[in-house]
Protein chains: 2
Amino acid sequence: MEKITSLQVAERAGVSQSAVSRVFTPGASASAKTVQKVRKAAEELGYRPNMMARAMITGKSRMIALVVAYLDNQFYPHALERLSNALQERGYHILVFTAANSRADIEEVMQQLLDYQVDGIITASVGMTNDLTDRCNAAGIPIVMFNRGQDGADVSSVTSANVEGGRAAGQFLLDCGHKVIAHISGWQGSSTGRDRQQGFCEAMHGAGITPQIIDGMYHRDTAAAATETLMTGPNPPDAIFVGNDHMAFSVMDTLRGKLGLRVPDDVAVIGYDDVPLAAWAAYDLTTMRQPLNRMVDATVDALLTRIENPTSPTKHIEIESPLIRRGSTKDPIQ
Amino acid sequence: MEKITSLQVAERAGVSQSAVSRVFTPGASASAKTVQKVRKAAEELGYRPNMMARAMITGKSRMIALVVAYLDNQFYPHALERLSNALQERGYHILVFTAANSRADIEEVMQQLLDYQVDGIITASVGMTNDLTDRCNAAGIPIVMFNRGQDGADVSSVTSANVEGGRAAGQFLLDCGHKVIAHISGWQGSSTGRDRQQGFCEAMHGAGITPQIIDGMYHRDTAAAATETLMTGPNPPDAIFVGNDHMAFSVMDTLRGKLGLRVPDDVAVIGYDDVPLAAWAAYDLTTMRQPLNRMVDATVDALLTRIENPTSPTKHIEIESPLIRRGSTKDPIQ
DNA sequence: ATGAAAGCGCTAACAA
DNA sequence: TTGTTAGCGCTTTCAT
């Protein structure tokens with residue numbers, strides 16, 4: 001069973017090669033008789049159209065580049081799985097590019113991905129430069145930033161309502177009666193980290209509180225160190241809002257392990273994302289949920305819309321982020 | 001900046017189109033002067049070779065299909081990240097295909113992936129049928145099964161030494177003085193699950209013990225239910241060997257939560273994989289490590305070897321699996 | 001509705 | 001080493 005071409009199918013079906021092509025091309029027309037003959041011959045020969053050849057002509061590869069930095073935050077594999085499924089259902093597939101979050105690395109990766117003639121790009125957990133996005137726009141390849149926004153760039157983005165979410169998290173801690181509240185923030189180089197912090201600060205300032213804030217950089221180690229710094233400092237908090245779940249787990253580990261404190265009795269913890277692990281008994285983490293399915297649907301939608309209609313405008317989609325109350329926080333005071 | 005072709009570069013550089021091609025083709029020869037002129041023109045125009053066109057001629061797309069079922073077991077995202085990196089370094093990229101672990105779904109996915117003319121296939125957490133692997137062999141596309149083996153199929157596989165690992169896990173529990181030992185196994189439809197169970201049973205039988213065994217199917221829920229069944233049964237174990245870490249976390253959650261038992265004081269737990277989460281304080285899980293980096297290197301190696309030399313034989317690589325002692329088990333008795 | 005013919009952008013003989 | 005030529009397998013006019 002070596003490489004069957006449309007020509008061989010044509011010969012066997014007694015039609016022209018272009019007839020075969022038409023049968024396998026969605027928008028084309030062929031008589032019922034022809035379709036029948038061609039399908040039969042193709043079946044017998046085990047023929048399937050060559051995507052490469054098709055891609056070269058149509059300029060559409062039906063591949064989407066996914067640029068991702070790290071997969072250790074459970075949110076991203078989860079998203080990847082869903083994205084792949086949703087895209088696959090619509091006849092697209094994901095080509096993976098891993099990039100460290102450095103300028104040079106991303107630059108290199110963007111070049112590679114353009115070589116593959118991908119129809120679109122999804123970035124997750126990586127930052128873009130406007131220079132880069134301009135280049136893709138010039139090449140006519142739409143980008144959707146997943147879980148990140150970017151000022152002044154002509155790219156679509158899908159995020160949760162991070163400012164609002166940060167505010168809600170802060171407000172909830174206030175409602176629980178906490179007075180000394182700290183924030184271990186998401187990386188301040190990311191819009192997501194900045195927005196959540198901003199919302200949180202607004203809530204705090206509304207209550208006349210000036211919170212301690214440390215950048216957790218989305219790293220477990222950094223978050224653990226921040227936790228120690230906070231708790232052994234002059235004014236240890238009785239509640240911590242952490243920039244994402246991934247760091248919150250580290251914060252809880254440090255609190256309960258090395259520091260010997262109880263959660264939520266000594267310190268309440270609230271995270272962001274609601275990854276599956278947050279619901280597991282070992283953490284039972286109160287968190288702001290990022291509705292993954294809706295974010296994925298919006299991402300796929302935004303991307304395919306622009307692929308099918310290149311002149312359609314970029315979109316900035318924000319999805320509401322509900323509070324999921326679990327055992328890492330106390331009940332609000334009536 | 002629309003689609004620059006090699007012809008345009010050729011004109012600007014004052015050479016033939018094939019000269020341009022040669023400059024960008026690794027194995028080809030061109031004079032220093034030509035290289036210089038072409039590179040300059042290409043740079044100015046922002047030219048990069050079109051992978052699709054190249055792939056069509058050479059028959060090499062430099063894409064590897066990764067077929068994966070679920071990404072909720074942390075072992076797989078971790079592996080995916082490493083695989084992508086290792087492959088990217090060698091000029092390949094991963095095209096992702098998600099498939100439920102059903103015959104029909106995998107069948108469909110295999111067809112799709114052949115359409116894309118991938119150079120090789122890595123399967124992770126999915127089972128193949130011999131029929132399917134035969135088809136890929138006929139098409140000349142090598143397969144490596146990652147973390148799974150398959151009897152009687154002509155495919156390469158990379159696993160840890162699961163039988164030996166299962167035995168070591170069982171023996172360790174014996175050495176700790178446990179007498180009533182149970183096993184919540186990996187899915188018995190997978191070689192990995194069967195092998196670990198076999199090794200474990202050998203250790204038990206060597207000690208004259210007949211263990212209770214329940215298939216955990218690699219699912220959290222199934223493992224949780226199995227835990228309850230075991231602990232509320234007539235002969236509750238004081239140690240459980242769980243088929244992988246992902247289920248072991250669920251077992252520990254159930255033990256410590258719903259059942260109110262202490263680990264390891266009431267029940268010792270040992271897992272398999274050593275995913276990052278196993279080392280986190282909340283679980284601190286004793287486990288058999290699957291050396292991810294070595295498994296990934298072996299996988300990439302086995303795959304690229306066969307791609308570059310199609311007549312080379314398939315390999316079955318087993319990598320030793322060391323015991324990582326942590327807090328979910330007691331110390332062995334001297 | 002169908003076949004003939006013209007490429008898509010590139011690599012790989014083949015001469016020169 | 002270089003340019004010329006012939007395709008890779010397919011889609012897409014263009015006549016018919």
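**From the DNA surface to the sheet of chain B**

In this predicted model, the surface near DNA strand C draws at least two residues from each of α2 (17–24), α3 (32–45) and α4 (51–58) of chain A, and likewise from each of α2 (17–24) and α4 (51–58) of chain B. The largest share of that surface, five residues, is supplied by α4(B). Of the 26 residues around DNA strand C, those that come nearest are A:S16, B:S6, B:S18, B:S21 and B:A53. Sorted by class, the surface near DNA strand C holds 13 polar residues, 10 nonpolar residues and three charged ones.

The two protein chains also meet each other, with 42 residues of chain A in contact with 42 residues of chain B. On the side of chain A that touches chain B, two or more residues come from each of α4, α5 (75–89), β2 (93–98), α6 (103–115) and α11 (245–256) of chain A, and α5(A) gives the most, with seven residues. This side of chain A comprises 25 nonpolar, 11 polar and six charged residues. Strand pairing also links the chains, since β2(A) and β2(B), residues 93–98 of chain B, pair in the antiparallel sense over three bridges, and within this pairing A:L95 has B:L95 as its bridge partner.

Within chain A, α5(A) packs against helix α12 (residues 292–308) at an angle of about 45°, the axes lying 10 Å apart, and the two helices are therefore oblique to each other. The crossing of α5(A) with α12(A) is right-handed. In this contact, A:H78, A:A79, A:R82, A:L83, A:A86 and A:L87 of α5(A) meet A:L292, A:N293, A:V296, A:D297, A:T299 and A:V300 of α12(A); by class, the contact consists of seven nonpolar, three polar and two charged residues.

Turning to chain B, an open sheet of six strands follows the order β7-β6-β8-β9-β10-β12, with mixed pairing. Its edges are formed by β7 (212–215) and β12 (323–324) of chain B, each of which has a single partner strand, so one side of each is left without a neighbour in the sheet. Inside this order, β9 (residues 268–273) and β10 (residues 286–289) of chain B run parallel and are joined by four bridges, B:G271 having B:T287 in β10(B) as its bridge partner. Two helices lie across strands of chain B: α8 (residues 162–175) of chain B lies across β6 (181–185), β8 (239–242), β9, β10 and β12, running at about 165° to β9(B), while α9 (residues 191–206) of chain B lies across β6, β7, β8 and β9, running at about 170° to β6(B).

Methods:
Residues are numbered from 1 along each chain as its sequence is written. Chains are lettered from A and ligands numbered from 1 in the order in which they are written. This is a predicted model: local features need pLDDT of at least 70, side-chain atom pairs count only at pLDDT 80 or more; totals for chains, interfaces and linings use all residues. A residue is near a molecule or strand if its C-beta atom, placed from the backbone, lies within 6 Å of it. Ala, Val, Leu, Ile, Met, Phe, Trp, Tyr, Cys and Pro count as nonpolar, Asp, Glu, Lys and Arg as charged, and the others, Gly among them, as polar. Two residues are in contact if their C-beta atoms, placed from the backbone, lie within 7 Å. Two strands pair if DSSP finds at least two bridges between them. Axes are lines fitted to C-alpha atoms, for helices over the stretch in contact, and angles run from 0 to 180 degrees between N-to-C directions. Angles under 35 degrees count as roughly parallel, over 145 as roughly antiparallel, 65 to 115 as roughly perpendicular and the rest as oblique. A crossing is left-handed if the near helix is turned anticlockwise from the far one by less than a right angle, and right-handed if clockwise.
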